[in-house]
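Here's a protein to look around in. Take a moment with the picture before reading on, and then we'll go through it piece by piece.

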Amino acid sequence: MRKKDMNFQSMESMQQVVNVINEAAAALNDRDRTIKKSAIPEVLAGALGAGIGGVGSFAALYGLGVVGLSAVGITSGLATAGAIVGGGMAAGVFVLATPVAGLAAVGVGVASHLKNKQLRQEKERLYKEALRKHGAIIRAMKEEAYAGNERMDYLQSLNILLQQAIKDLRQDIGS
């Protein structure tokens with residue numbers, strides 16, 4: 001799935017799911033907890049209302065041609081590097097910059113891969129936790145069927161938010 005099509009494109013964007021899961025845990029531990037006592041009352045009320053490599057090139061430049069970083073040393077180094085591909089000083093700039101750009105691209109690619117892997121693992125962890133909390137909230141709603149309206153509204157809000165989190169996480173992880 002392309003990143004722009006994901007519901008959660010970064011770790012920070014999943015904080016809302018973490019907040020809902022934490023609130024569900026608090027709800028299950030305190031039978032007197034309602035929307036008014038919640039850490040996320042606006043979210044719950046809304047849910048209820050809605051219903052849902054430069055160094056290498058520098059060293060190469062220094063060592064090619066006339067040794068040193070004088071104007072003569074730099075221009076002769078660039079010309080020598082450019083001669084590798086049949087060009088002059090201008091081509092030398094590209095010859096010396098290519099390894100830097102290539103290594104930088106590899107570095108960015110590796111970092112991006114690791115970050116995406118970590119993001120997927122966190123999504124999977126939150127998905128499993130949201131499923132557990134959702135099941136527990138459903139059981140609490142059945143056990144507390146005769147609780148006051150405020151409590152039932154609170155549990156229903158959590159139910160709605162957990163259902164949405166599960167749906168969004170499932171879509172992102174593709175299961």
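Let's start with one residue. R151 touches A27, D30, R31, R33, T34 and E144, leaving aside residues up to four places away in sequence. You'll find R151 in helix 6. Is R151 buried or exposed? Its relative accessibility is 5%, so R151 counts as buried, the cut-off being under 20%. Keep in mind that this is a predicted model.

**Zooming out**

Now for the whole chain. How many helices and strands does the protein have? There are 6 helices and 0 strands, so if you walk along from the N terminus you get α-α-α-α-α-α. Of the 175 residues in the protein, 33% are buried. The accessible surface is about 10400 Å², and carbon and sulfur atoms account for 61% of it.

**The nonpolar core**

Next, the inside. The largest nonpolar core has 29 residues, and the ones that touch the most other members are V17, L44, I137, L155, L162 and L169. Four helices each supply at least two residues of this core: helix 1 (15-29), helix 2 (41-50), helix 5 (89-143) and helix 6 (149-173). Which helix gives the most to this core? That's helix 6, with 11 residues. As background, nonpolar side chains tend to be buried together in soluble globular proteins.

Take L169 as one of those well-connected core members. Leaving out residues up to four places away in sequence, L169 touches F8, M14, V17, K123, L126 and Y127. V17 is another name from the list of residues that touch the most other core members.

**Where helix 1 meets helix 6**

Let's look at one pair of helices. The axes of helix 1 and helix 6 come within 10 Å and cross at roughly 145°, and the crossing is left-handed. On the helix 1 side, the contact is made by V17, V20, I21, E23, A24 and A27. Helix 6 brings R151, Y154, L155, L158, L161, L162, A165 and L169. Sorted by class, this contact between helix 1 and helix 6 has 12 nonpolar, no polar and 2 charged residues. Which are the charged ones? They are E23 of helix 1 and R151 of helix 6, because Glu and Arg both count as charged. So R151, our starting residue, turns up in this contact, and A27 of helix 1 is among the residues that R151 touches.

**Far along the chain, but what about in space?**

Here are three pairs to find in the picture. Distances run from C-alpha to C-alpha.

| Pair | Apart along the chain | C-alpha distance |
|---|---|---|
| N19 and A39 | 20 residues | 8.4 Å |
| A136 and N159 | 23 residues | 9.6 Å |
| Y127 and R170 | 43 residues | 7.0 Å |

How covered up is one residue from each pair? N19 sits in helix 1, and with 30% relative accessibility it counts as partly exposed. A136 lies in helix 5, where it is buried, with a relative accessible area of 15%. Y127 also belongs to helix 5, and its relative accessible area of 13% makes it buried. You've met Y127 already: it is one of the residues that L169 touches.

How values were computed
Residues are numbered from 1 along each chain as its sequence is written. This is a predicted model: local features need pLDDT of at least 70, side-chain atom pairs count only at pLDDT 80 or more; totals for chains, interfaces and linings use all residues. Side-chain values use heavy atoms; hydrogens and water are left out. Buried means under 20% relative accessible area, exposed over 50%, partly exposed in between (1.4 Å probe, protein chains only). Accessible areas come from the Shrake-Rupley method with a 1.4 Å probe; for residues, only the protein chains shown count as cover. A nonpolar core is a set of buried Ala, Val, Leu, Ile, Met, Phe, Trp, Tyr and Cys residues joined through side-chain atoms within 4.5 Å. Contact means heavy atoms within 4.5 Å. Axes are lines fitted to C-alpha atoms, for helices over the stretch in contact, and angles run from 0 to 180 degrees between N-to-C directions. A crossing is left-handed if the near helix is turned anticlockwise from the far one by less than a right angle, and right-handed if clockwise.
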